[in-house]
Amino acid sequence: VKSPSRFFINAKNLRFLSLLNLCFLYLPLAVAATPPDAPSVILIQNATIFTVSHGTIEHGSILIKDGKIAEVGQTINAPKDAKVIDGAGQFVIPGIIDCHSHIAAESINEGSVSVSSIVNMAEILNPEDIDIYRDLAGGVTSANILHGSANSIGGQTLVIKLRWGLPAAKLPFEGALPGIKFALGENPKRSNFSVPGQPRRYPSTRMGVEETIRGAFSEARDYKKAWEDYNKRFTAGEKSLIPPRRDLRLEPLVEVLEGKRYVHSHCYREDEILMLLRVAKEFGFKVRTFQHVLEGYKVADELAAAGVGASTFSDWWAYKVEAYDAIPYNAALMTRRGVVVSINSDDAEEATHLNQEAAKSMKFGGLSHDEALKMVTINPAMQLGIEKRVGTIDVGKDADLAIYNRDPLSAYAVVQKTMIDGRVYFDRQRDIAERSELEKEKKTLIDKFKKAAEKKSEDKKPDATVPIGQKPAEKIPEVKKPEEKKPEEKPKPPQSSGTDSSAAAVRPGGVL
Amino acid sequence: MRSKFIHRFALAVCFTALLAVFCAAPLLHSQGGEPQYFAIRGAKVFPVSGPPIENAIIVIARGLITAIGKDIAIPPEAWVVDGKGLTVYPGLVDSFTDVGIPVAPTASGEGGPRRSQEGARGPEDRPASTPWRSAADEVSLSDKRIETWRSGGFTTVVSAPKGGIFPGQAAVLDLAGERAGDLVVKSPVAIPVVFQTSGGFGGGFPSSIMGVLAYVHQVWLDMDWSIKAQATYEKNLRSSARPRYDRTEAALAEALEDHALVLIPANNSIQIRRAIELVDRWSVKGAIYGGQMAYEVAPEIAAKKLSVLVNLKWPEAEKDADPEDKPSLRMLRFRDRAPSSPAALAKAGVRFAFYSGGITAPKDALKAAKKSIDAGLAPDAALRALTLSAAEIFGVADRLGSLESGKIANLVVTDGDLFEEKTKIKMVFVDGHKFEVHEPEKPKDPPKGDISGKWKLSYTTPDGPEDSTADFAMDKDGTISGTVTSKRGTASVITGYLSVDKFSFTINILLEGSPADVTFSGTFDGTSLKGSISVQGFSLDFTGVKPTNNSTAAATVLRGAP
């Protein structure tokens, strides 16, 4: 049984806020080694290839040139300069795309205001978040980095590729349309997050959430008009005009009105889902995806008619009042009614086994193998508008691939390699090989500091030699990222021989 | 002849000093008496702007360096300092601190936020912003750190008010003067930005780092808009509504017009890379402060031609850290390599200066700078980062930062290499005023008894008997700290000890704009003090007793205290 706490995006809110309170200059905690350069020509041979778009190829080959898939087929002769990856007994799928992620960010919620469209996740990406690497180890290659759900209208969002080891500027998915997070229901009305003694923030009902969104879009519409009027008069030759003041809060909403920014809306209940569809229709914008959308199965026809994507959980329910009507058949039922459905993680740990989350829809609702796979590959790609670049194994697409040792929909499947743009960002063998070296380096440094500290304390004795009025050097308190409380002991991954037996050391990135 | 003259002169100075301690000090200030002409002869000199000169002469006149070199005539009016065995450096600069600005007044004001009492609802409420505060306006001589840093060789600081996202405007201050205004060298020189959040639920906007960034973006846009809107309005008064006045916008616009640098916090690689982008986005003249992970990104900083203020408070493990809390390898590497950042910056050709970053003792700041030398930074580059580079970054290299004729006479005189731990600072010149630095005396043996608590000190000046009160605290090793209060004010004990039954403590008072040490020494029999007061050669007898509650004398003295 999963603890409800993990579902509350706003538990993250609390966590991050307290983290930021401690120190806004917090230091990165993970080691991101620059990934090895990719050979320009790579041939994966003799693997089972789940193309997702055109069936399964047994003992097939994928030729990668300059980061793109150049050829997919049964037998491809290795070009002279190709690096060959032997895929015997292995399974290749398109890299997994997580449509709802909160990794790789220094903050998640600007929870102070009900409309926080002024903030942008793109500005606070943390390329050193170890969760990037752990997600890679789960076959994830792209993720939709969302603002939290504390606000009716949250911050601006973006899609990233998990290019571990590269600076923040290299993470954004090139050409992907930016998004904005909306949230409906309990979270934005702060049902579960009041602080004693603090005044409650507006809104505190679903009616208020609707009014907040309508209010913001009314402002945005006026703002848009003010600029259009100004531009018209300016072009007409009126030079002595004072232009409208630029408003960074309203600009993203104008982009939504203009179809230049996707709306990803957190929601649970059917009534609020229909509410947002009505508001969107009134203001003339489209909702791109409903996130979580646990009662989506009740309004699947309306979702399909509106052309809205649904990104849901596999089998989480009843962790709060608005999740009581959630059922694990949601993804399958919506799929059957013609909705493009994806399964998302909303959680760094969950993201490491999205393949299994997708597989659950085969049990709950009887989806086919390919339909299940689609829910973590091409479907989220379509929802994020990146389906021309990723999501299937087809010629011309980015070589974003995950290679497993078993069928990825099996609970025993373990990722062997994860590739983005033809570059191997996670390699299980490399990870295992590097562990002892990293442990050694760590130990050396710890010993070095220990020695220095001992020497210092010896120098300090006797105390009388400390110059008068001179205080001992104060230490900078380092801010530690609080360890996420896991609701339950997770089964430990199989341990490879010869490495440290602690779970941390075996976990990808555990040494770091 | 000369020495006799000096002796007599010194005697006169000492006498006035003594009078000033206990008598009408302010009256004597106007009569002058402090020498204004100095010559340091025979010292090794590091001008920083040029190669070191052995056996050099530096002439100081009325606050400026008037000559420096090997064969320089010493003007007859100069007070000659024998510099044999001594080394002279330009006065050191702490590039970012709040020394000299004691207390932060609360943020409020006309044209400021609409609701300063409650949490801000958005950028329009101007959260945590007081950019109109000016270090130059808030300097106070009562800040004891002025003397601490000056005695440690720091003649100059770049000080800024503290608190909030836009705390206020920084000024270059020299650390000596009779009035607060004497300290100000240039203002404003910088607008520090602090990525400070409101503290979460109920604290108002912005509660996240992304909120802070968005706020700052909006403020710069608003400022630009205001400037343009006001200009348009002035030209066409009758065609549009009046743009509103906003104190934040006005203060920032004015400071930027004065070429103030915008200081952006950035310590690790992520933050530094972000800061590089922010400078472009904000289109301001910016510099980075922090810079401790520059060893990873120095070339990128160089490509942007940004200056860096390097925080000398190197990252260390938390004292008494939870042993279960294992630092990550990333963190360990950072602790290990942070002091190599200055060397990396130097190699990449980045202009950088050092700042204390919370280090409270100047000696520790120099020790920290030495660490960067040990990690590969050339010693002359380290010296430059503490002097001329800082002056260049803040636009005052035309007046200080190096030893050149015409520059402000800010000098540090040591008995050896500045970065050697055993080196002692012998004297410091600030704006041509000479300050002797006394090494604090150390108790040789453990104390007998406890001298802490309140004391009444009695002595007789040429004008008659007088009392003052002392309030001491004593460490286990006999180190004495505390204050001495006479009728004219309170002075802190700068050094003091009790060794067996012998005590000594020194206070420092400002005399003619120049501090004079007053040392009380003698024996402590467990209940009373007996000994002499000395001021630069003069001495008086004094006694000290613990005031009793019903002592009318003590009550009188206490009433007389400020």
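Okay, so Ile301 of chain B: leaving aside neighbours within four places in sequence, Ile301(B) is in contact with Ile272(B), Ile276(B), Ala294(B), Leu306(B), Val308(B), Leu345(B) and Val350(B). Bear in mind that this is a predicted model.

Where does Ile301(B) sit? You'll find Ile301(B) in helix 8 of chain B, which covers residues 294–304. Is Ile301(B) buried or exposed? With a relative accessible area of 0%, Ile301(B) is buried, because the cut-off for buried is under 20%.

If you want a feel for distances, take Ile301(B) and Lys363(B). They are 62 residues apart along the chain, and their C-alpha atoms are separated by 29 Å.

Now let's zoom out to the nonpolar core. The largest one has 184 residues, and Ile301(B) is listed among those with the most contacts inside it. The others on that list are Phe217(A), Phe285(A), Phe290(A), Phe166(B) and Phe354(B). Which helix gives this core its largest share? That would be helix 5 of chain B, residues 209–235, with 10 residues.

Next stop, Ser356 of chain B. Ser356(B) is in a loop of chain B, with strand 13 (352–355) on one side and helix 11 (362–374) on the other. Phe354(B), from the core list a moment ago, has a number that falls inside the range of strand 13. Ser356(B) is buried as well, at a relative accessible area of 5%.

What does the side chain of Ser356(B) make a polar contact with? The partner is the side chain of Asp94(B), at 2.5 Å. Not counting residues up to four places away in sequence, Ser356(B) touches Asp94(B) along with Phe96(B), Thr97(B), Trp149(B), Asn311(B) and Lys313(B).

Last topic, the cysteines. How many disulfides are there over all chains? The count comes to zero. Take Cys99(A): it is in no disulfide, and the nearest cysteine sulfur, in Cys267(A), is 12 Å away. Looking from the other end, why is Cys267(A) not bonded to Cys99(A)? Because the sulfur of Cys99(A), the closest cysteine sulfur to that of Cys267(A), is 12 Å off, which is too far for a bond; a disulfide needs the two sulfurs within 2.5 Å. Both cysteines are buried, by the way: Cys99(A) has a relative accessible area of 0%, and Cys267(A) is likewise at 0%.

So, to recap: Ile301(B) is buried in helix 8, Ser356(B) has its polar contact with Asp94(B), and the disulfide count is zero.

Conventions
Residues are numbered from 1 along each chain as its sequence is written. Chains are lettered from A and ligands numbered from 1 in the order in which they are written. This is a predicted model: local features need pLDDT of at least 70, side-chain atom pairs count only at pLDDT 80 or more; totals for chains, interfaces and linings use all residues. Side-chain values use heavy atoms; hydrogens and water are left out. Helices (H or I, at least four residues) and strands (E, at least two) are DSSP runs, numbered from the N terminus. Buried means under 20% relative accessible area, exposed over 50%, partly exposed in between (1.4 Å probe, protein chains only). A polar contact is a pair of N or O atoms within 3.5 Å; within protein, one must be able to donate a hydrogen and the other to accept it, and residues adjacent in sequence count only if both atoms are side-chain atoms. Contact means heavy atoms within 4.5 Å. A nonpolar core is a set of buried Ala, Val, Leu, Ile, Met, Phe, Trp, Tyr and Cys residues joined through side-chain atoms within 4.5 Å.
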